[in-house]
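Thank you all for making the time this morning. I would like to walk you slowly through one structure, so please have the view open and follow along as I go.

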Amino acid sequence: MRFGLVIFTALLSIWILPRPVWMDQLGRVSLLSGILFVMLGLGADGAPPLVQLRTPPPAMMGLPKLPVSLAGYSYVILKLGPLQFTRKGLSVASTAACLTFIIFQSASLCLATTTPEQLAFALRWFMHPLRYVGVPVAEIILTLLLSLRFINLVFDEVRNVALGIVSRRINWQQLTVMETIDIFAAYIRRIFTNIFSHSEQISQAMIVRGFRGDSNTHKIYFLSDSSLGMADFVSLLCLTGIVGGAFMSDYFLV
């Protein structure tokens, strides 16, 4: 199921996203997952324990030596000098690498193909029954919507500051270490100043439009049209097939 979800997420990204986008994203996420796989595979159970058996070997007691395995089973898959790649390392490494790939790529795919309003609307639809048990659904949805909108402002400020640094054509080789740190500190301070200014403007705009802190009385307007398409139905069908296959395999194996 882990490798099936990885293949499904990669194919869905290739189908939905533009070619330069998915090539860059899949390359970076695959590199990170590969490094994590190698490190955990060799580190989880890589160093063999240096222990000594408490019982003497069978040859000293006149007993025949038992075979290692009757079915060809081997706990150690690969040996690299003092390190070894075992079945436990393979399980831990594959789980961590697959989960890392799925989490990063699925989050990027979701944010790239779904607007903040649609995300907030879907979350409110799923959390609507929780209102009857005291969960502040309206406050959570409003916070999510503001957070998703504010992320774009943060990236815009960082990009504007980076363009400002490049446009000034600073000769970094002639600067000392303290001067370089001072320049970066000044620009980081500029970023936070602009971010706090934007947050203050958003707060004033909400107050002017009648928001007084009660999320239940504040109406949020979502998009009325649906974004369901062929890719959504195909992805749901493939996801259902992968989950169903995993459950069936566990049922028959048990």
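Let me begin with a definition, since I will lean on it in a moment: by a salt bridge I mean a side-chain nitrogen of Lys or Arg within 4 Å of a carboxyl oxygen of Asp or Glu. Behind that rule is a general idea, namely that side chains of opposite charge can pair when their charged atoms come close. Please also keep in mind throughout that what you see is a predicted model.

With that rule in hand, how many salt bridges does a search of the whole structure find? The search gives 3, and I will come back to each of them once we have the overall layout.

The protein chain has 254 residues, of which 22% count as buried. It contains 7 helices and 2 strands, and if you read from the N terminus on, the order of the elements is α-α-β-β-α-α-α-α-α.

Let us look at the strands now. Strand 1, which covers residues 76–80, and strand 2, which covers residues 83–86, run antiparallel and are joined by 4 bridges. If you want a place to see the pairing, valine 76 stands opposite threonine 86 in strand 2. The hairpin that the strands make has 2 residues between them, and there glycine 81 takes a positive phi near 65 degrees.

Around this hairpin you will also find a nonpolar surface patch of about 400 Å², made by Ile77, Leu78, Leu80, Leu83 and Leu90. Which element gives the most to that patch? The answer is strand 1, with 3 residues. Leucine 90, by contrast with a strand residue, lies in helix 3, which spans residues 87–113, and leucine 90 counts as partly exposed because its relative accessibility is 33%.

I should mention what the database record says here. The unreviewed UniProt entry lists residues 28–47, 59–78, 90–111, 132–151 and 233–253 under "transmembrane region". Two of these ranges can be set beside the model. Over residues 90–111 the chain is 100% helix and 0% strand, with the end C-alpha atoms 31 Å apart. Over residues 132–151 the chain is 75% helix and 0% strand, and there the end C-alpha atoms are 31 Å apart.

Now I return to the salt bridges, as promised. In one of them, the side chains of aspartate 24 and arginine 28 meet at 3.0 Å, N to O. These residues are 4 apart in helix 2, residues 19–43, and so they are separated by about one helical turn. Aspartate 24 counts as partly exposed because its relative accessibility is 40%, whereas arginine 28 is exposed, with a relative accessible area of 59%.

Another salt bridge is formed by arginine 149 with glutamate 117, and here the closest N and O atoms are 1.9 Å apart. This pair links distant parts of the chain, since arginine 149 sits in helix 5, residues 137–167, and glutamate 117 in helix 4, residues 116–127, with their positions 32 residues apart in the numbering. Is glutamate 117 buried or exposed? Its relative accessible area is 14%, and so glutamate 117 is buried, while its partner, arginine 149, is partly exposed at 45%.

The remaining example is the salt bridge in which the side chains of aspartate 156 and arginine 159 meet, at 3.5 Å, N to O. Because they are 3 residues apart in helix 5, aspartate 156 and arginine 159 are separated by about one helical turn. Aspartate 156 counts as partly exposed, at 30% relative accessibility.

Let me turn to the aromatic side chains, where the count comes to 1 aromatic pair. Tryptophan 125 and phenylalanine 126 form this pair, which is edge-to-face, with 5.0 Å centre to centre and 85 degrees between the planes. Tryptophan 125 counts as exposed at 60% relative accessibility, and phenylalanine 126 is exposed, with a relative accessible area of 60%.

One last stop, if you will, is isoleucine 188, whose place is in helix 6, residues 177–208. With a relative accessibility of 44%, isoleucine 188 counts as partly exposed. Its C-alpha atom and that of valine 161 are separated by 8.6 Å, although the residues are 27 apart along the chain.

Key. Residues numbered from 1 in each chain as written. Predicted model: local features only at pLDDT ≥ 70, side-chain atom pairs only at ≥ 80, totals over all residues. Heavy atoms only, no water. Pairing = 2+ DSSP bridges. UniProt positions renumbered as here; feature names shortened; annotations may be inferred. Patch = residues over 30% accessible without salt bridge, like charges linked within 9 Å, V, L, I, M, F, W, Y side chains within 5 Å. Areas by Shrake-Rupley, 256 points an atom, 1.4 Å probe, with all protein chains shown as cover. Buried < 20%, exposed > 50% of the residue type's maximum accessible area, 1.4 Å probe, protein only. Phe/Tyr/Trp six-rings, centres within 6.5 Å; stacked < 30°, edge-to-face > 60°.
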